[in-house]
Structure formats: structure tokens, C-alpha cells
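Visitor: Hi! I've just opened this one and would love a walk around it. Can we just chat our way through?

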Amino acid sequence: MIAQDRFTREYVLNAPPHAVFDAWTQADALLQWWCPGAFHATHASLDVRPGGRYEIRMAAAQGTDVHVVRGEYVELQRPHRLVMTWRAEGTPHD
């Protein structure tokens with residue numbers, strides 16, 4: 001049996017809660033801000049409901065180094081709570 005790692009991340013943002021929730025749960029909005037540095041998001045597929053899955057693809061500016069993250073929505077209480085799993089493709093639990 002594989003132990004489930006837990007990671008909690010909390011931020012305080014200068015934005016209304018509904019706008020932050022939408023930025024995480026609407027594909028068009030997520031594609032606008034996702035990715036650090038020279039990377040950019042190339043695709044986001046979101047089935048936003050408990051038990052629904054998501055997939056986000058990102059690539060370096062040259063189109064190389066493609067990375068994929070996938071997960072499942074566990075809990076949604078718009079606009080204050082979003083709980084989801086997170087798995088990067090190619091990790092030991094993939």
C-alpha cells in the first residue's frame with residue numbers, strides 16, 4: 001500500500017474569493033496565469049465537480065520539456081474551499 005502524502009497550501013491574495021476560485025476552476029482563466037518562468041500552459045481540461053478529473057499541460061517556450069499534471073477534485077465549496085489531488089506525470093506514483 002502506498003502512503004498518501006498530504007500537502008496543504010494557503011495564500012492570501014488581494015482579490016475577491018470568487019475570482020480566485022474561478023482562476024483555478026475555469027480552463028480559460030487558468031491558462032492565463034499558470035506556469036512559472038519560461039513555461040506556459042498549453043492545455044487545461046477541467047471536470048470541476050467532486051470526483052471530476054483535471055489535466056494541465058505545460059511546455060517551455062521552445063515547445064520542449066512538456067510537463068503534465070493530473071488530479072481529481074475532492075471538495076468544492078465555491079468560493080472558499082477547493083481540495084484536489086495533484087500528480088505530476090513521471091513521478092513514482094504516476
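Visitor: Let's start with D65. Which residues does D65 touch, not counting residues up to four places away in sequence?
Guide: With those sequence neighbours set aside, D65 touches F39, M58, A59 and A60. Keep in mind that this is a predicted model.

Visitor: Okay, and where is D65 found?
Guide: The loop between β2 and β3 holds D65.

Visitor: How many Å apart in space are D65 and R9?
Guide: They are 26 Å apart, C-alpha to C-alpha, and 56 residues apart in sequence.

Visitor: You mentioned β2 and β3. In which sense do they pair?
Guide: β2 and β3 pair in the antiparallel sense, over 6 bridges. In that pairing, M58 stands opposite H67 in β3.

Visitor: Let me zoom out. How many helices and strands are there in the chain?
Guide: The chain has 2 helices and 5 strands. Starting at the N terminus, the order is α-α-β-β-β-β-β.

Visitor: And what box do the C-alpha atoms fill?
Guide: Along the principal axes, the box is roughly 40 × 35 × 25 Å.

Visitor: What about β1 and β2, how many bridges do they pair over?
Guide: They pair over 7 bridges, in the antiparallel sense. A44 stands opposite I56 in β2. The two strands form a hairpin with 6 residues between them, and G51 in that turn has a positive phi of about 90°.

Visitor: Which residues make up the largest nonpolar core?
Guide: There are 10 of them: L30, W34, C35, A41, A44, Y54, I56, M58, V69 and Y73. β1 (39-46), β2 (53-60) and β3 (67-77) each supply at least two residues of this core. β2 gives the most, with 3 residues.

Visitor: Why would those side chains sit together?
Guide: In general, nonpolar side chains in soluble globular proteins tend to be buried together.

Visitor: Pick V69 from that core. What does V69 touch, not counting residues up to four places away in sequence?
Guide: V69 touches W34, Y54, E55, I56, M58, W86, R87 and A88. A88 also comes up in the strand pairing, where V69 stands opposite A88 in β5. β3 and β5 (residues 87-88) run antiparallel and are joined by 2 bridges.

Visitor: So β3 has another partner. How many bridges do β3 and β4 pair over?
Guide: β3 and β4 (residues 81-84) pair over 4 bridges, again in the antiparallel sense. Y73 stands opposite M84, and Q77 stands opposite R81. A hairpin joins β3 to β4 through 3 residues.

Visitor: What kind of peptide bond joins R78 and P79?
Guide: That one is a cis peptide bond, with omega at about 5°. P79 has its place in the loop between β3 and β4.

Visitor: While we're at β4, is L82 buried, partly exposed or exposed?
Guide: L82, which lies in strand β4, counts as partly exposed because its relative accessibility is 26%, and partly exposed covers values from 20% to 50%.

Visitor: And what is L82 in contact with, leaving aside its neighbours within four places in sequence?
Guide: L82 is in contact with F21, W24, T25, Y73, E75 and L76.

Visitor: F21 rings a bell for the helices. Which residues of α1 are buried?
Guide: In helix α1 (residues 17-25), the buried residues are F21, D22, A23 and T25. They pack against α2 (27-33), β1, β3 and β4.

Visitor: What about N14, in the segment before α1: buried or exposed?
Guide: N14 is exposed, because its relative accessible area is 85% and exposed means over 50%. N14 and G90 are 34 Å apart in space, C-alpha to C-alpha, and 76 residues apart in sequence.

Visitor: Across the chain, what percentage of the residues is buried?
Guide: Buried residues make up 21% of the 94 residues. The chain exposes about 7,100 Å², and carbon and sulfur atoms supply 51% of that.

Visitor: Last one, charges. How far apart are the mean positions of the positive and negative charges?
Guide: They are 4 Å apart, for 9 positive and 11 negative charges.

Definitions and conventions: Residues numbered from 1 in each chain as written. Predicted model: local features only at pLDDT ≥ 70, side-chain atom pairs only at ≥ 80, totals over all residues. Heavy atoms only, no water. Core = buried A, V, L, I, M, F, W, Y, C linked by side-chain atoms within 4.5 Å. Buried < 20%, exposed > 50% of the residue type's maximum accessible area, 1.4 Å probe, protein only. Contact = heavy atoms within 4.5 Å. Pairing = 2+ DSSP bridges. Areas by Shrake-Rupley, 256 points an atom, 1.4 Å probe, with all protein chains shown as cover. Lys, Arg positive; Asp, Glu negative; His and termini not counted. Charge placed at Lys NZ, Arg CZ, Asp CG, Glu CD.
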